[in-house]
Amino acid sequence: MSHTLRPLLPNSPNPPRIETLSQTQHRAKRIATPAACEACRKRKSKCTAERPRCSVCVERQTPCEYTTLPTETHLRAQKRKLTDLEIKCQAYEDLFGILRSRPDEETAEIIQRLRMGEDAHTIVKAVQDGDLLLQLSFAPNPRYRYEFPYIPEMPVHLEQWPNPYLRSILYEKTSTQPSPSGYLETLREVSDETLKMYLVPYHTVELVDSRISNINVSSWTTVSSDNPMLRVLLQIYFVFDFPFHPFFHKDLFLEDMLLGSKRFCSPLLVNAILGAAWHGYNKMKNRAEYWLPDNLGYRFLAEARRLFELEQANPTITTVQAAAIINLTCNLNGTDEISWVYTYKSLEMAQNMSLFSSNPDESREWQIAAGTTAWCLFNWQAYTTFHTFQPPLIKHPPTRPLPGLDDAAAYYGEIWVKYPLGRNPVPIFNGLGFRAISQFRVIMNEITALSYTQPRAFNRMSLDTAVRFRSKLQDWYESLPEPLCARNAALPSHLKIHLFEPFVAMGFIHAEANPTTVVSHSKACFEIIMRVYYLRHGFESPDTTLVQLLHLLGFSALKGLSPVEKGSTTYEAIRSTLLLCAKGLWDQGQNYYISAATFRLFRQSLSIEDAQVLKEIIEIEDSDGPLDHMITEIRSQWPIGIFSIADENEDRTLDHFISWREQYMQDKAQNGTVAEHDSSNFILPRYP
């Protein structure tokens, strides 16, 4: 049976292209939705994702709810909820840490607020803000400026020299004293925030860095879980300690601390920083008594030293930085005899890591971190060896170049602070200060290398060499950038740049002048800067360098008092300097134990009459308790009040003072004179 097949038609010469097919021949492409509603997810149906109700739920007449934000996927929503839970959990951890570490009266108030229904985050924020208020914020002080003890005026004999600091903006502002209401009005009307540095003490500023408030500091230390307090300690460190001794790069450190990276941050470095900052935490009255196990400063330092022992076999750059900070802290505790090892090890590690020399293959970050650390280590050893009369530990400065003036701020990072009643933060010129200090320390290191080839073996340089160094120092002084020059310097870190040792003439003495005249003029400048510093900033705030400067000025004044006629105007002016330095040592003694010990030494060097006047200025504990502690705790060969070992008593150290005091007590016991005495009137014999 045959079937007739339909004949095939020939192929069209122009077949239709796919693109020309009708759109109805293809299914319309569905638009993807970020996340379906909960009802569609349960039904596993296609959700159109309209809000507040999708089309499917409208058609089915079912409730329509979303657990995501409009543009959020379910995965992102889960991450957001996890972050919210972590923040909430952190608030409870912070609250627990506060309850564990705060005084009973504070914890009672916190528990009362919890019972009233206040949430943990609000309470923690209130405590944190309260700490910042106590530590760094400012309640406008109608005093306007500090007043000199004993004689309120600037000594007349200091004005006989041509002196740029008596013409500085800072001195001019502190010399004019408005009424209390006028002072506050002046602060409110200041349009240029940078001018407030001349009107307000530096310790009233608030550090402006949003990273610190977001850092979980307690994750870097096992000593305390009180994050609000730990963040305050970080702020104290960057406001007071860091500007003059920046052993690490602040921005690289904070970025890694925030992200949890351990390249430029480590538990060792964090504990070392917290241990140093504890000296400025003025809520704790015994913060200077570093040997007390309940003192958090003791625990931070002990933890840092433990971690250093573990890391020193395989050091990183943070190991080097932490060792230098530990050394500085131990020096301020009065234990420099046992802390030099940290300086030696930090320098050895830095040299093994090639921190002092650059490599073309280094990353930009490493160049900045290594350069900052190398120069600060060099600066620190130049400072310590000069003042302890030793040959430099490093003869030559790092080969890593210092940045130019225009690049210094970006290279070293800036520190921004806000003044009372301020609207905007202002810089403290951190980079310019670091650069100027480094340039000065190079000259200082060269002088030390020529003066000491052996410890305490002074080699007097020729007059021509001294004049050459004086010329270098004068060039350095005249090249200081505008914010740091004598006319404009205002902040403690600025003024301390000018407080270099008084063998330097300020460029106002002719080259042919008598060297004695040069030194006398420099000492006058030195004292005026110290007095201007006090008028604006006072001596209470933690300042690691101020301790050294106060005993230098104090013992210099004590030596200058003996040839002056008693009762004369000059005699009374020098006496006022003695009492000012004694007050400063006492104030710094609340922060650093070495200052408390130096105050005792200085007081024993005063005449009985001057010591009695001092008791009218400050309340002094006359019992033997503080001195007995010093006998146990002090291990210090740091020279006290000695500008030059060639001209003065090289045995004037804290160890020598303590040995003298022990011998006196033994002699008194053998002579049977250890009788009861009125502690309010009793004064130990004068220290020789």
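Leaving aside its neighbours within four places in sequence, which residues is L233 in contact with? In this predicted model, L233 is in contact with L274, A277, W278, Y281 and F300 once those sequence neighbours are set aside.

L233 also belongs to the largest nonpolar core, which has 171 residues. Together with F238, F248 and F253, L233 touches the most other members of that core. Helix α15, spanning residues 364–387, supplies the largest share of this core, with 12 residues. A second core, separate from this one, has 11 residues, among them A39, C40, C64 and Y66.

Aromatic contacts come next. The structure holds 30 aromatic pairs. The rings of Y237 and F242 form a tilted pair, because their planes stand at 55°, short of the over 60 degrees that counts as edge-to-face. F242 also pairs with F238, and here the planes are at 65°, so the pair is edge-to-face. The separations and angles are listed below.

| Pair | Distance of ring centres | Angle of planes | Class |
|---|---|---|---|
| Y237 and F242 | 6.5 Å | 55° | tilted |
| F238 and F242 | 5.4 Å | 65° | edge-to-face |

Y237 is buried, with a relative accessible area of 2%. F242 is buried as well, with a relative accessible area of 2%, and F238 is likewise buried.

Elsewhere, Y146, F148, Y533, Y534 and F539 make up one aromatic cluster.

Charged side chains also lie over aromatic faces. R468 sits over the face of F469, 4.9 Å from the ring centre. K496 lies over the face of F244, at 4.7 Å from the ring centre.

Notes
Residues numbered from 1 in each chain as written. Predicted model: local features only at pLDDT ≥ 70, side-chain atom pairs only at ≥ 80, totals over all residues. Heavy atoms only, no water. Core = buried A, V, L, I, M, F, W, Y, C linked by side-chain atoms within 4.5 Å. Buried < 20%, exposed > 50% of the residue type's maximum accessible area, 1.4 Å probe, protein only. Helix = DSSP H or I, 4+ residues; strand = E, 2+ residues; numbered from the N terminus. Contact = heavy atoms within 4.5 Å. Phe/Tyr/Trp six-rings, centres within 6.5 Å; stacked < 30°, edge-to-face > 60°. Lys NZ or Arg CZ within 6 Å of the ring centre and 35° of its normal.
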